[in-house]
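Please open the model in your viewer and keep the sequence panel beside it. This tour suggests what to select at each stop and describes what is there.

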Amino acid sequence: MNTADTITLAEVLGNGALAIMAYAILGVLLLVAGFYVVDLATPGRLSKVIRTDRNPNATVVAASGVAGVGLIVAASIWSSGGALREGLLVTLVFGLVGIAAQTLCMFAFDKVTGFSVRELVREPALQPAAILLSVTRFVIGLITAVAVI
């Protein structure tokens, strides 16, 4: 292997590692933003209700929202392609639009089904409605993720 091959390999590895770190950091920031959007869209402070009250309904609703956001962020990264800067910008925009779309769809579904999320997250025992809403929120995230792609 000559020096030119080593430099090329080093550049490829360096650029790849930089891209991985950049997408990972942006992905985690979008995931955190997504959690706070889910938290704002769900009555009560989810982190307090989960940590202090140990409420299973709030936990499954929050977890499904975060999982849905994770799918949207992953799809945004997958579809970004191209150069690193453009890819990060596409990921940021598609991630934020996806989070907003997921949130609007969650509100619409909750309204159509007639479930009161406020009452649900106050219940101390796991409720069937929490499971239904959680699966639905996850699937809304999946649908939104596929729309991003």
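How much area does the protein expose, and what share of it do carbon and sulfur atoms supply? The protein exposes about 8,600 Å², and carbon and sulfur atoms supply 73% of it, where accessible areas come from the Shrake-Rupley method with a 1.4 Å probe and, for residues, only the protein chains shown count as cover. Before going further, please note that this is a predicted model, in which local features need pLDDT of at least 70 and side-chain atom pairs count only at pLDDT 80 or more, while totals for chains, interfaces and linings use all residues. Residues are numbered from 1 along each chain as its sequence is written, and side-chain values use heavy atoms, with hydrogens and water left out.

**The whole chain**

Select the whole protein in a cartoon view, and you will find six helices and zero strands, as counted from DSSP runs (helices are H or I with at least four residues, strands are E with at least two, numbered from the N terminus). The radius of gyration is 19 Å, well over the 15 Å that the globule rule gives for 149 residues, so the protein is more spread out than a compact globule; this radius is taken over C-alpha atoms, and the rule is 2.2 Å times the number of residues to the power 0.38. Along its principal axes the C-alpha trace spans about 65 × 30 × 20 Å. Of the 149 residues, 35% count as buried, a term that means under 20% relative accessible area, with exposed meaning over 50% and partly exposed in between (1.4 Å probe, protein chains only). Among contacts (heavy atoms within 4.5 Å) between residues at least 6 apart in sequence, 74% join residues at least 24 apart.

**An aromatic pair**

Next, select Phe35 and Tyr36, which form an aromatic pair that is edge-to-face, at 5.6 Å centre to centre and with 75° between the planes. Rings of Phe, Tyr and Trp (its six-membered ring) pair if their centres lie within 6.5 Å, and planes under 30 degrees apart count as stacked, over 60 as edge-to-face and the rest as tilted. Phe35 is partly exposed at 21% relative accessibility, and Tyr36 is partly exposed at 45%.

**Two salt bridges**

Side chains of opposite charge can pair when their charged atoms come close. The count here comes to two salt bridges, each being a side-chain nitrogen of Lys or Arg within 4 Å of a carboxyl oxygen of Asp or Glu. Select Asp39 and Arg45 to see a salt bridge whose closest N and O atoms are 3.1 Å apart; Asp39 is buried, with a relative accessible area of 2%, whereas Arg45 is partly exposed at 44%. Then move to Lys48 and Asp53, where the closest N and O atoms of the salt bridge are 3.9 Å apart, with Lys48 partly exposed at 42% and Asp53 partly exposed at 45%.

**A loop residue**

Now select Arg54, which lies in the loop between α2 (46–51) and α3 (56–80). Phi of Arg54 is near 55°, a positive value in a residue other than glycine, and Arg54 is exposed, with a relative accessible area of 67%.

**A nonpolar patch**

Finally, show the surface and select Leu89, Leu92, Val93, Phe94, Leu96 and Val97, which make a nonpolar surface patch of about 510 Å². Patches are made of residues with over 30% relative accessible area and no salt bridge, with like charges joined within 9 Å and nonpolar side chains (Val, Leu, Ile, Met, Phe, Trp, Tyr) within 5 Å. Val93 is in helix α4 (residues 84–113) and is partly exposed, with a relative accessible area of 41%.
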